[in-house]
Amino acid sequence: MALPDGTSVLRMTHAQYEAVVSHCFDGFPDEACGLLGGPLDTSSSTATGQVTAAYPCQNADASARTYTVDSRDYLRAMRDAESRGEEIIGVWHSHTHTDAYPSPTDVRQAVDPAWWYVIVSLKHGEPVLRAFQIRGDVITEVPVEVG
């Protein structure tokens, strides 16, 4: 979805938000990660911004500084999304000791410029969830609607 000014919006339910944040707390002190599923706009083949599934995944790195989505979890999420006629539209991970903003490593590892990159900071105990689109070295914050 886009706002009148053309800005993209990531929309998720309260249950999806809670699943993402809970998974981040469950993974602490390591970074936690997961994938987001949703539909594509048939006219442009881009994600609409509507999250229809949140897939908690194992951090294969088992690290407090980096994450890699476990390949088996990625395959499971991809198959589930495709079975519903949807796609993987983004990834989330936690920052355990830094703000909710893409690190240089996050930017280097951004695999798809069409994806939403959600970061949950646990730096201050109270979670802060923010979303971004990363295209090359350009980081653009995307509003998140939880409802």
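**Questions on a predicted fold**

Colleague: Shall we begin with a proline: where is P29 found?

Modeller: Happy to, and please keep in mind that this is a predicted model. A cis peptide bond joins F28 and P29, with omega at about 15°. As for its place along the chain, P29 is found in the loop between α1 and β2.

Colleague: In what order do the six strands of the open sheet run?

Modeller: The pairing in this open sheet is mixed. Its edge strands are β5 (53–57) and β9 (138–142), each of which pairs on one side only. From one strand to the next the twist averages 30°. Read across, the order is β5-β2-β6-β7-β8-β9.

Colleague: What angle does helix α1 make with β5?

Modeller: Helix α1 covers residues 14–27 and packs on the sheet. Its contacts are with β2 (33–38), β5, β6 (87–95), β7 (116–121) and β8. The direction of α1 makes with that of β5 an angle of about 10°.

Colleague: And at what angle to β5 does helix α2 run?

Modeller: Helix α2 spans residues 71–83. This helix lies across β2, β5 and β6. Relative to β5, helix α2 runs at about 165°.

Colleague: Which residue of β9 is the bridge partner of I134?

Modeller: Strand β8 (residues 128–135) and β9 run antiparallel, joined by five bridges. One of the pairs sets R135 against V138. For I134, the partner in β9 is I139.

Colleague: Which residue takes a positive phi in the hairpin of β8 and β9?

Modeller: Let me start with the hairpin of β7 and β8, which has six residues between the strands, and where G125 takes a positive phi near 90°. The hairpin of β8 and β9 has two residues between the strands. There, with phi near 65°, the residue is G136.

Colleague: Which residue in β8 stands opposite V118?

Modeller: The strands to look at are β7 and β8, which pair in the antiparallel sense over five bridges. Opposite V118, in β8, stands A131.

Colleague: Which element gives the largest share of the lining of the largest cavity?

Modeller: The structure holds one cavity of 30 Å³ or more, and about 40 Å³ of space lies in the largest cavity. Its lining is made by Y67, V91, H93, P102, D106, Y117, V118, I119 and I134. The elements that give two or more residues to this lining are β6 and β7. The largest share, three residues, comes from β7.

Colleague: Now the cysteines: how many disulfides does the count come to?

Modeller: A disulfide needs two cysteine sulfur atoms within 2.5 Å. For C24, which is buried at 0% relative accessible area, the closest cysteine sulfur is in C33 at 8.9 Å, so the gap is too far for a bond. C57 is buried too, at 4%, and its sulfur is 5.8 Å from the one in C33, which is again too far. The number of disulfides is therefore, by the 2.5 Å rule, zero.

Colleague: One last thing: is A62 buried or exposed?

Modeller: A62 has a positive phi of about 45° although it is not a glycine. This alanine lies in the loop between β5 and α2. The cut-off for exposed is over 50% relative accessible area. A62 reaches 54% relative accessibility, so A62 counts as exposed.

Technical notes: Residues numbered from 1 in each chain as written. Predicted model: local features only at pLDDT ≥ 70, side-chain atom pairs only at ≥ 80, totals over all residues. Heavy atoms only, no water. Pairing = 2+ DSSP bridges. Helix = DSSP H or I, 4+ residues; strand = E, 2+ residues; numbered from the N terminus. Axes fitted to C-alpha atoms, helices over the stretch in contact; angles between N-to-C directions. Contact = heavy atoms within 4.5 Å. Buried < 20%, exposed > 50% of the residue type's maximum accessible area, 1.4 Å probe, protein only. 1 Å grid on protein atoms, 1.4 Å probe; cavity = no way out; pocket = protein on both sides within 12 Å on 5 of 7 lines; lining within 4 Å. Points joined across faces, edges and corners; volume = space filled by probe spheres on them.
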